Amino acid sequence: MSDGTPADLFFDAAIDLLRRVRAEEAEAIAAAGTLLADTVAAGGRLFAFGAGHSSLAAQDVVYRAGGLALMNLLAVPGVVGVDVTPATLGSALERVDGLASAVLDTSPVRSGDALVIISLSGRNALPVEMAQGARALGLKVIGVTSVAYASQTTSRHASGTFLKDHCDIVLDSKIAVGDAELTLDTIPAPFAPASTVVTTALLQAVMATTAATLADRGIEPPLLRSGNVDGGHEWNGRVLREYGDRIFYRR
């Protein structure tokens, strides 16, 4: 590791990744924002899914001040974050064949909706089958993943494919395999993961593009405001009533 404190070096690494994503994924970000805007304008619903730490980025765009009210979390019991005991159970569930189909079959998703699937590696059965199943149901799928895994690891799905192979649009987070940005001679393993920082920023860039695209079409984007500003609760109440048939986190 070169000169600088570990904190400085982590910030530098994260900023470099953000700059790279900004430059190299601009076209895909614009396409993803347009796809979500098209879905909203056509009366469709929006969903986000991620397993383990990838769920953090999905949760960040749901019921969020300044965010789209129509983003719903597609939750899979046992894999939303690290809230199960033991935490390793969540990792095991990601490799279970058929779990995605069971979730989709009991969820409110329908043809014409859009689903954002976040999976850093994109190699496990759950995100692969989630994308396959969603598209079979008539949903548009946006995948957020590190494309590097597809060339440097093997798929854990029977098809040998990755999440990126079953998406309408792929957003590449550029995270290196292993998700650790720093090394030290005194530490035997690489450390300091940046995937949450980068993936969250990437998705918020898509949300911003969606809102602006809707506005450009003369459609008021259904945005939530902070409940900690005057008038925020009243604003949100109006939005939630107007779009109640497309919002599922209140039920």
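**Exercise 1. Determine how many of the five residues of β1 are buried, and how its two faces are covered.**

Step 1. Five of the five residues of β1 are buried, so this strand is largely enclosed by the rest of the structure; here a strand is a DSSP run of E of at least two residues, a helix is a run of H or I of at least four, and both are numbered from the N terminus. Buried means under 20% relative accessible area, while exposed means over 50% and partly exposed lies in between, with a 1.4 Å probe and protein chains only.

Step 2. The model is predicted, and local features need pLDDT of at least 70, side-chain atom pairs count only at pLDDT 80 or more, and totals for chains, interfaces and linings use all residues. Residues are numbered from 1 along each chain as its sequence is written, and side-chain values use heavy atoms, with hydrogens and water left out.

Step 3. In a regular strand the side chains alternate between the two faces of the sheet. In β1, L46, A48 and G50 are buried on one side, and F47 and F49 are buried on the other.

**Exercise 2. Work out the order of the five strands in the sheet, and which strands stand at its edges.**

Step 1. The five strands form an open sheet in the order β2-β1-β3-β4-β5, and their pairing is parallel; two strands pair if DSSP finds at least two bridges between them.

Step 2. The edges are held by β2 (71–73) and β5 (169–172), each of which has a single partner strand, so one side of each is left without a neighbour in the sheet. From one strand to the next, the twist averages 20 degrees, where axes are lines fitted to C-alpha atoms, for helices over the stretch in contact, and angles run from 0 to 180 degrees between N-to-C directions.

Step 3. Three bridges join β1 to β2, and N72 in β2 is the bridge partner of F47. Strand β3 (residues 114–118) pairs with β4 (residues 140–145) over five bridges, with V116 standing opposite I142.

**Exercise 3. Find the strands that helix α2 lies across, and the residues that have the most contacts inside the largest nonpolar core.**

Step 1. Helix α2 (residues 26–41) lies across β1 (46–50), β3, β4 and β5, and runs at about 135 degrees to β5.

Step 2. The largest nonpolar core has 46 residues, and those with the most contacts inside it are L36, L46, M71, I142 and L171; such a core is a set of buried Ala, Val, Leu, Ile, Met, Phe, Trp, Tyr and Cys residues joined through side-chain atoms within 4.5 Å. Its largest share, seven residues, comes from α2.

Step 3. Not counting residues up to four places away in sequence, I142 touches several residues, among them A32, L35, L36, V116 and L171, where contact means heavy atoms within 4.5 Å.

**Exercise 4. Describe the aromatic pair formed by F47 and F248, and locate both residues in the chain.**

Step 1. The structure holds three aromatic pairs; rings of Phe, Tyr and Trp (its six-membered ring) pair if their centres lie within 6.5 Å, and planes under 30 degrees apart count as stacked, over 60 as edge-to-face and the rest as tilted.

Step 2. The pair of F47 and F248 is stacked, with 5.7 Å centre to centre and 25 degrees between the planes.

Step 3. This pair links distant parts of the chain, since F47 lies in strand β1 and F248 in the segment after α9 (232–242), 201 residues apart. Both F47 and F248 are buried.
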